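Colleague: I'd like to learn how to read a few local features in a model like this one. Could you walk me through them?

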Amino acid sequence: AFHQPDQIRVRVDGRVRTVPLDEYVLGSVLAEVSPVDETPRTAARIFEVQAVIARTYAVAHLGRHRQQGFDVCDSTHCQLYDPARIKTSRFTAIAREAVRETSREVLMYASRPAETLFHADCGGSTTSANAVWGGRALPYLKASTDQQPSLSHRTWRFAVPFSKLREALNRDTRSRVGSRLDGIEIVKRDESGRAASISVHGQQRQVLRGEDLRAILNQTFGDHAVQSTKLTIAKTKDAYIFNGAGFGHGVGLCQIGAAARARRGQSVEDITGAFFEGTAVVRLAR
């Protein structure tokens with residue numbers, strides 16, 4: 001059986017700190033969510049859900065960076081953690097209470113902590129982990145439609161001149177096209193409508209995963225350039241236009257969808273169950 005560790009070793013700003021697990025969960029939820037326009041009741045439920053997710057992630061990934069002498073890092077490679085927010089956020093009291101309320105609760109699937117992936121906005125449907133990154137399919141991380149009443153998903157547009165796009169593509173061997181860029185096309189979409197593979201061709205032709213291309217381009221243009229792979233690509237006289245919906249990889253919990261459910265008074269178990277089908281919220285032994 002899994003036990004909850006009392007403490008976790010986190011690398012923060014390059015230095016390793018040992019912190020109590022729930023203090024880590026608090027610093028993580030405050031870094032990952034900011035329920036600005038919500039009622040206190042809805043904000044509390046949003047933080048409870050995120051606390052269960054953050055705690056599950058920590059318990060499932062203890063020792064992820066063992067070789068480097070700590071458990072988890074403070075970046076998106078693991079999950080965000082910003083202890084400074086505990087002092088500065090106006091949500092600290094609500095979030096602390098949510099962490100206390102869900103103490104020792106994690107999301108389990110087949111007697112193991114679940115892989116609690118999450119993202120900001122699924123754009124109307126989540127997708128499966130293996131569609132995005134390959135590897136084996138996890139039964140509870142699959143494509144599903146997330147249409148809540150009165151929920152509007154974000155749409156976005158990113159235009160980039162040919163030359164700038166070619167330079168960005170050439171910075172990575174996986175997307176290198178050489179001295180010219182002749183085209184960029186979606187080769188295959190997954191069942192949620194995301195671009196699963198994209199072809200870029202010029203002097204050289206490469207086919208790569210949609211999520212890899214997004215990461216490569218955002219390395220140059222920032223996270224708000226290509227916000228998701230739920231997109232279309234069009235060519236004008238001198239630029240490529242990416243139009244899309246949602247924000248993030250689209251796997252697991254959709255934060256905007258979870259917030260819509262919290263507004264309707266759904267329980268933590270209902271909300272997590274909607275995004276991680278077949279999982280259960282379990283209170284771990286100390």
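Modeller: Sure, and keep in mind that this is a predicted model. Let's begin with a single residue: leaving aside neighbours within four places in sequence, T42 is in contact with A259, A262 and R263.

Colleague: Where does T42 sit, and is T42 buried or exposed?

Modeller: T42 belongs to helix 2, which covers residues 40–60. Its relative accessible area is 6%, and because the cut-off for buried is under 20%, T42 counts as buried.

Colleague: Which side chain does the side chain of T42 make a polar contact with?

Modeller: That would be T39, at 3.1 Å, side chain to side chain.

Colleague: On to cysteines. How many disulfides does the structure hold?

Modeller: The general idea is that a disulfide is a covalent bond between the sulfur atoms of two cysteines. Here the count is zero. Take C78: the nearest cysteine sulfur belongs to C73 and is 3.4 Å away. The cut-off is 2.5 Å, so a pair has to be within that to count, and C78 is in no disulfide. C254 is in no disulfide either, with the sulfur of C122 as its nearest, 3.3 Å away.

Colleague: Are C78 and C254 buried or exposed?

Modeller: C78 is buried, at 8% relative accessibility. C254 is buried as well, at 0%.

Colleague: What about backbone angles? Which sign of phi should I expect?

Modeller: Most residues other than glycine have a negative phi. With that in mind, look at D13, where phi is positive, near 50 degrees. D13 lies in the loop between strand 1 (7–12) and strand 2 (15–20). S111 is another non-glycine residue with a positive phi, about 60 degrees, and its place is the loop between strand 4 (105–109) and strand 5.

Colleague: Why do D13 and S111 count as exposed?

Modeller: The cut-off for exposed is over 50%. D13 has a relative accessible area of 69%, so D13 is exposed. S111 is at 59% relative accessibility, so S111 is exposed too.

Colleague: Last one, pockets. How much space lies in the second largest pocket, and which residues are closest to its centre?

Modeller: The second largest pocket holds about 240 Å³. Its lining has 13 residues, and R112, P113, A114, E115 and Y140 are the closest to the centre. Helix 2 and strand 5 (112–113) are the elements that give two or more residues to this lining.

Colleague: How do the residues of that lining divide by character?

Modeller: Nine are nonpolar, one is polar and three are charged.

Terms used:
Residues are numbered from 1 along each chain as its sequence is written. This is a predicted model: local features need pLDDT of at least 70, side-chain atom pairs count only at pLDDT 80 or more; totals for chains, interfaces and linings use all residues. Side-chain values use heavy atoms; hydrogens and water are left out. Helices (H or I, at least four residues) and strands (E, at least two) are DSSP runs, numbered from the N terminus. Buried means under 20% relative accessible area, exposed over 50%, partly exposed in between (1.4 Å probe, protein chains only). A polar contact is a pair of N or O atoms within 3.5 Å; within protein, one must be able to donate a hydrogen and the other to accept it, and residues adjacent in sequence count only if both atoms are side-chain atoms. Contact means heavy atoms within 4.5 Å. On a 1 Å grid over the protein atoms alone, a cavity is a set of points where a 1.4 Å probe fits but cannot get out, and a pocket is an open set with protein on both sides within 12 Å along at least five of seven lines; lining residues have an atom within 4 Å of a point. Grid points are joined across faces, edges and corners, and a volume is the space filled by probe spheres set on the points. Ala, Val, Leu, Ile, Met, Phe, Trp, Tyr, Cys and Pro count as nonpolar, Asp, Glu, Lys and Arg as charged, and the others, Gly among them, as polar.
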